[in-house]
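Here is a short briefing on one chain. Please look over the sequence and the structure first.

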Amino acid sequence: MLFDAGDISALSPGNLLDVTEVFVSHTHIDHFIGFDILLRTVLRREVPLKIFGPANIINCVEGKLRGYTWNLIKDYPLEIEVFEVKGPLLSQASFHASRSFQRVDGADREFDGILVEDPLFTIKGVELSHQIPVMAYALEEAFHINIDKALLVERGLPVGPWLSAFKKAIREGGPGTSVFEVAGRQYSMAELMDIARITRGQKISYVTDIAPSDENIEKVVKFASGSDVLFCEAYFLERDRDRAYERHHLTASLSGRIAREAGADHLELIHFSPKYTHCVDEVYSEAMQEFRKET
Ligand SMILES: [Zn+2]
Ligand SMILES: [Zn+2]
């Protein structure tokens, strides 16, 4: 999953090929310019690409697709499905490579806040304002698997790719008969279960480009409530508060307040104005001071 598709040049083609869902906050160019690179990478893929976003996202995807010529992809299997939140409704349209990405509109359905429901996790979205509609997203795991590293060492089990396969088998509630080869020996799932600690699922929230209005703050605090990790913009410093209002962005101090009021465990700051490149420490300290404030 990708949360926004801005400058994604740091991601390898292998990483991008794994992306099946993109959750777009809004289509300002710095949040959507990476769509073309992603599309180019997954063009021959059989697994569909799903895009979620605020009002007008279907037109934006259509506009991007209309910007290229598609006469040589008739036998490509890729389908792009786009889901657009419009108040209480979720609109849907699809674009199939075999039809030169011509838009096919689906039926609207009711939007109850849930965008993806999987046995292992849920993705929720909420519409906020950035002068234009903007979406914030939260991923909630059904449960979390921790590996007891001390016990691994004690039992002489090396860390390796087998651990991912083991976790996957637990998540899928696989049969207890799965066999894992670890350092040349075979283990049954039951023999390994003591190294896994199953705990409460984690919640990760992603909030960016929201206006510093009371309405937004109230909504986002509720939405991000109980996050283990809150990724939140801190575009301006409090000393440039007027600019924050003009540009419909948060200040670092407001990000800290949102994280504190939402009871987040950890605040991960993102998206700073380039004017603070020389004083990024100030952005962090302003946000963290507010976040850690005793109330
Ligand atoms: Zn932005
Ligand atoms: Zn923006």
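**Briefing: folds, sheet and two unusual residues**

Asp4 counts as buried, because 25 C-beta neighbours lie inside 10 Å and the cut-off for a buried residue is 20 or more. The model is predicted. The points below cover the backbone around Asp4 and Ser100, then the chain and its sheet.

**Positive phi residues**

- Asp4 is not a glycine, yet its phi is positive, at about 75 degrees.
- The loop that holds Asp4 runs between strand 1 (2–3) and helix 1 (13–17).
- Ser100 is not a glycine either, and its phi is positive, at about 50 degrees.
- Ser100 sits in the loop between strand 5 (89–96) and strand 6 (103–105).
- Is Ser100 buried or exposed? Ser100 is partly exposed, because 16 other C-beta atoms lie within 10 Å, and partly exposed residues fall between the limits of 12 or fewer and 20 or more.

**Chain and domains**

- The chain has 295 residues, and buried residues make up 29% of them.
- Its secondary structure comes to 11 helices and 17 strands.
- The C-alpha trace spans about 65 × 60 × 40 Å along its principal axes.
- Domain 1 covers 2–141 + 202–291, and domain 2 covers 143–200.
- The C-alpha centres of domain 1 and domain 2 are 34 Å apart.
- Take the contacts between residues at least 6 apart in sequence: 62% of them join residues at least 24 apart.

**The six-stranded sheet**

- Six strands make an open sheet with mixed pairing, in the order 8-9-10-15-16-17.
- Which strands stand at the edges? Strand 8 (114–117) and strand 17 (266–270) do; each has a single partner strand, so one side of each has no neighbour in the sheet.
- Neighbouring strands of this sheet are turned against each other by 15 degrees on average, direction ignored.
- Strand 16 (residues 229–233) and strand 17 run parallel and are joined by five bridges.
- Leu230 stands opposite Leu267 in strand 17.

**A helix across the sheet strands**

- Helix 8 (residues 214–223) lies across three elements: strand 9 (121–130), strand 10 (132–141) and strand 15 (203–207).
- Helix 8 runs at about 175 degrees to strand 9.
- Strand 9, strand 10 and strand 15 also belong to the open sheet.

Terms used. Residues are numbered from 1 along each chain as its sequence is written. Chains are lettered from A and ligands numbered from 1 in the order in which they are written. This is a predicted model: local features need pLDDT of at least 70, side-chain atom pairs count only at pLDDT 80 or more; totals for chains, interfaces and linings use all residues. Domain bounds come from an automatic or database domain assignment. Helices (H or I, at least four residues) and strands (E, at least two) are DSSP runs, numbered from the N terminus. Two residues are in contact if their C-beta atoms, placed from the backbone, lie within 7 Å. Two strands pair if DSSP finds at least two bridges between them. Axes are lines fitted to C-alpha atoms, for helices over the stretch in contact, and angles run from 0 to 180 degrees between N-to-C directions.
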